Amino acid sequence: MLLKQSLSGTLRSVAPPIVLLLLAVQPILSQSCNPAATNANNPADSLAPGSDGFIHITYSYVDSSGNPTTPDQNVASAMQAAANQWNAQSSTSLVKIDYLPPNPDAGPDIQVKSSTDSNSGGCAQYDYLSGRINYGPTFLQAAQNGVGATILAHELGHALGLKDAGANPSPPTIMNNPSNSLPFACTNPNVPTTSVLHSDAVAIPLCRFQTRTYINRQGGDSSSTPTGGSFSALSGGQTCYYTYRTINFYVDGVFDSAELNLDSIECY
């Protein structure tokens, strides 16, 4: 949902090695990941890669009752444009997003649902529990204004595992939030970045692989991640080694928390 998020807290005292690590990950801080519990329900985190190595995510349209429907043409055009933006970065994100016509034998991974403004955050909103992008009447105006693709590309970013980055984030990202208020934040969003960037795509595999337990999506096995170490898992007929680094955070000189960050991937 296009809402501004803030993060409070101060990082004041960190040992020198930790400072170096924090500087190393600084370039992707704007393209940050949703919590692991949220990502576990997202298509990019739950689907297996195809034989081509890409995760294929499908979408289709449903009406307010959840029945397959033909959408407003402006909505369809905006959604296709948003998908095209992400697909232009597929070689980096390893994800492809395609329209799925109504199919009685297979449902889409993402439903694009006509809804009310109250159920769509006043505009459009990705609901990771239902796997739906809900859009309301105000979004219809945005689609007519030509800004619908920006909004839906942002919502697809949530479906791929990214969280909101706030207004004017650095580095730039499609996950930026408008600095103006609704309804104008929907119909004419004041955002510095209006399309998917290469740096957005770079973050998608990182969000998928940074969980503490990697699920082998080819065979269904799982391997625990040793702290500061590496582990292997079969992927597409190859053995891949994922090396993680532990970053400790200190507040006022006192240990506060630790995070595991993906350091490298090597496949043989």
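Is Y59 buried or exposed, and what is its relative accessible area? In this predicted model, Y59 is buried, with a relative accessible area of 1%. The residue also takes part in contacts between aromatic rings, which are described below after a general account of the fold.

The protein contains nine helices and ten strands. Of its 268 residues, 43% are buried. The accessible surface amounts to about 13,000 Å², and carbon and sulfur atoms account for 51% of it. When contacts between residues at least 6 apart in sequence are considered, 58% of them join residues at least 24 apart.

Four aromatic pairs were found in a search of the whole structure. A pair of aromatic rings is described by the distance of the centres and the angle of the planes. One of the four pairs consists of Y59 and Y99. Their ring centres lie 5.7 Å apart and their planes meet at 55°, an arrangement classed as tilted. Because Y59 belongs to strand β1 (residues 55–62) and Y99 to strand β2 (residues 95–99), the pair ties together parts that are 40 residues apart in sequence. The two partners are not equally covered: the relative accessible area of Y59 is 1%, which makes this residue buried, whereas Y99, at 39% relative accessibility, is partly exposed. The value for Y99 falls between the limits of 20% and 50% that bound the partly exposed class. Ring pairs further link Y59, Y61 and Y99 into a cluster. A contact of another kind involves K96, which lies over the face of F54 at 4.3 Å from the ring centre.

In soluble globular proteins, nonpolar side chains tend to be buried together. The largest nonpolar core of the present model has 40 residues, among which W86, I97 and F139 touch the most other members. Helix α4 (residues 73–87) makes the greatest contribution to this core, with seven residues. The surroundings of I97 can be given in more detail. With residues up to four places away in sequence left out, I97 touches I57, Y59, A83, W86, N87, L156 and L160. The list therefore includes Y59, the buried member of the tilted pair.

Two disulfides are present in the structure. A disulfide is a covalent bond between the sulfur atoms of two cysteines. C33 is joined to C207, with an S to S distance of 2.1 Å. The angle about this S-S bond is -90°, and the link of C33 and C207 is left-handed. C33 is located in the loop between α1 (16–25) and α2 (36–39), while C207 is part of helix α9 (residues 198–209), so that distant parts of the chain, 174 residues apart, are linked. Both C33 and C207 are buried.

The other disulfide connects C123 with C186 at an S to S distance of 2.2 Å. It is right-handed, because the torsion about the S-S bond of C123 and C186 is about 70°. The link again spans distant parts of the chain: C123 is in the loop between β3 and β4, and C186 is in helix α8 (residues 184–187), 63 residues away. C123 and C186 are both buried.

The loop between β3 (110–114) and β4 (124–127) also holds S115. At 16% relative accessibility, S115 counts as buried, since the limit for this class is under 20%. Beyond residues up to four places away in sequence, S115 touches N134, Y135, G136 and P137.

Several features of the backbone were also examined. Most residues other than glycine have a negative phi, and most peptide bonds are trans. A cis peptide bond joins S170 and P171, with omega about 5°, and P171 is placed in the loop between α7 (148–159) and α8. The bond from L182 to P183 is also cis, with omega near 0°, and P183 is found in the loop between α7 and α8. N168, too, is found in the loop between α7 and α8. Its phi is near 55°, a positive value in a residue other than glycine. N168 counts as exposed, at 59% relative accessibility. Positive phi also occurs at L94, where the value is near 65°. L94 is in the loop between α5 (90–93) and β2 and is partly exposed, with a relative accessible area of 31%.

Note on methods
Residues numbered from 1 in each chain as written. Predicted model: local features only at pLDDT ≥ 70, side-chain atom pairs only at ≥ 80, totals over all residues. Heavy atoms only, no water. Phe/Tyr/Trp six-rings, centres within 6.5 Å; stacked < 30°, edge-to-face > 60°. Helix = DSSP H or I, 4+ residues; strand = E, 2+ residues; numbered from the N terminus. Buried < 20%, exposed > 50% of the residue type's maximum accessible area, 1.4 Å probe, protein only. Lys NZ or Arg CZ within 6 Å of the ring centre and 35° of its normal. Contact = heavy atoms within 4.5 Å. Core = buried A, V, L, I, M, F, W, Y, C linked by side-chain atoms within 4.5 Å. Areas by Shrake-Rupley, 256 points an atom, 1.4 Å probe, with all protein chains shown as cover. Disulfide = S-S within 2.5 Å.
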